[in-house]
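Me: I've got this model open and I'd like a close look at a single part of it, with the cut-offs spelled out. Can you walk me through one helix and whatever it packs against?

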Amino acid sequence: MPATPDKLPQQQGSDEIRIRHLPGNTAGRDLVVGDLHGCRALLDQALHALEFNPATDRLLSVGDLVDRGPDSPACLGLLLEPWFHAVTGNHEAMLVARFLSDDRDLSARDMHQANGGSWFHGPGHVASDPDLATLLQRAAALPHLLVVGTGRERYHLVHAELPAGRNTPVVTDAEIDAGLPGVALDPLIWTRQLMSGWAPGVPRSQRGLSTTYCGHTPEPKVRRRRSHVCLDTGACFGVVNPGDGDYALSIVERTGRDCERVHRFAT
């Protein structure tokens, strides 16, 4: 079994859910990007257009760096950058399951391959590429939930959606700060209840919950429901099949309290 990283970032949470905290960015901007799925060239074009400055700006990802698109290893390479932060997506979860089992878990292997993982060739691939092994170790240590900043400038990243709270449709900041004890992990990575389809009557925000950026459920437009902002606008589908729908890469630019701008980069 592959070794775990020598030193993991400090995290809190239940035995299953890893919660990581980042301070607010007082030096520059935070850019929050939707599901990349191997579309590194499109991301690089977007960062150039936004005049991204790695000395002061940060790039944060809602997960699903890999699979389906043309360059999964290059997207995984972002994990080496000090200005990049991400939560784990279901595609990282599938990839890591294969990596940790050395493809002995055939169901994990088949599931990943069936969902865009054909670029990864198992133990032989890792043995021939030490850099890939390092990146997979980092992917295995990604948090499931990022809490960025404090007070009114606070926001979160999760891949799919936050689960139900004790007395609210979705957990609150207070429950997150308590570490989400007893909460199952699956909704954070796999669930598509909140962002699927048309949802008349679902409020854009929920009291007690800071803005929470997510992905996982692709549709051409950014959606806002119960303080969640879904940024998966299907970039990989537009890259792999040009002209197939109004898909794009979506990036939120944050420059301080209540200062948010959504950018779309067509494929």
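Reply: Here is a walk around helix H3, followed by the core it feeds and a few residues elsewhere.

Some ground rules: this is a predicted model, where local features need pLDDT of at least 70, side-chain atom pairs count only at pLDDT 80 or more, and totals for chains, interfaces and linings use all residues. Residues are numbered from 1 along each chain as its sequence is written, and side-chain values use heavy atoms, with hydrogens and water left out.

Helix H3 covers residues 90-101. The element names come from DSSP runs numbered from the N terminus, with helices being H or I runs of at least four residues and strands being E runs of at least two.

Start with its packing against helix H6, residues 130-140: the angle is about 120°, and the axes are 10 Å apart. Those axes are lines fitted to C-alpha atoms, for helices over the stretch in contact, and the angles run from 0 to 180 degrees between N-to-C directions. H3 and H6 are therefore oblique to each other; under 35 degrees would count as roughly parallel, over 145 as roughly antiparallel, 65 to 115 as roughly perpendicular, and the rest is oblique. The crossing of this pair is left-handed, in the sense that the near helix is turned anticlockwise from the far one by less than a right angle (clockwise would make it right-handed).

On the H3 side, Leu95, Val96 and Phe99 make the contact, and on the H6 side it's Ala133, Leu136, Gln137, Ala139 and Ala140. Contact here means heavy atoms within 4.5 Å. Sorted by class, the H3 and H6 contact has 7 nonpolar residues, 1 polar and no charged. For that sorting, Ala, Val, Leu, Ile, Met, Phe, Trp, Tyr, Cys and Pro are nonpolar, Asp, Glu, Lys and Arg are charged, and the others, Gly among them, are polar.

Val96 is a handy residue to click on. It sits in helix H3 and is buried at a relative accessible area of 11%. Buried means under 20% relative accessible area, exposed means over 50%, and partly exposed is in between, using a 1.4 Å probe and protein chains only. Skipping neighbours within four places in sequence, Val96 is in contact with Leu136, Ala139 and Ala140.

Now swing round to helix H4, residues 106-114, whose axis comes within 9 Å of the H3 axis, with a crossing at roughly 140°. H3 and H4 are therefore oblique to each other, and H3 passes H4 in a left-handed crossing. His91, Met94, Leu95, Ala97 and Arg98 of H3 meet Ala108, Arg109, Met111, His112 and Gln113 of H4. This contact is made up of 5 nonpolar, 3 polar and 2 charged residues.

The loop between H3 and H4 holds Asp103. Its phi is near 65°, a positive value in a residue other than glycine. Most residues other than glycine have a negative phi. Asp103 counts as buried, at 14% relative accessibility.

Arg68 also has a positive phi, of about 75°, although it is not a glycine. You'll find Arg68 in the loop between strand E3 (58-61) and H2, partly exposed with a relative accessible area of 36%.

Back to the packing, and what H3 feeds into. The largest nonpolar core has 37 residues, and Leu43, Leu59, Leu76, Leu249 and Ile251 touch the most other members. A nonpolar core is a set of buried Ala, Val, Leu, Ile, Met, Phe, Trp, Tyr and Cys residues joined through side-chain atoms within 4.5 Å. H3 and H6 are among the elements that give this core two or more residues, as are helix H1 (40-49), helix H2 (72-76) and strand E10 (248-254). H6 supplies the largest share, 5 residues. Leu76, not counting neighbours within four places in sequence, is in contact with Val66, Leu95, Trp119, Leu132, Leu135, Leu136 and Ala139. Apart from this core lies another of 19 residues, with Leu145, Val147, Leu185 and Leu194 among them.

Strand E10 also holds Arg254, which counts as buried at 11% relative accessibility. Leaving out residues up to four places away in sequence, Arg254 touches Arg29, Asp30, Glu153, Tyr155, Tyr213, Cys259 and Glu260.
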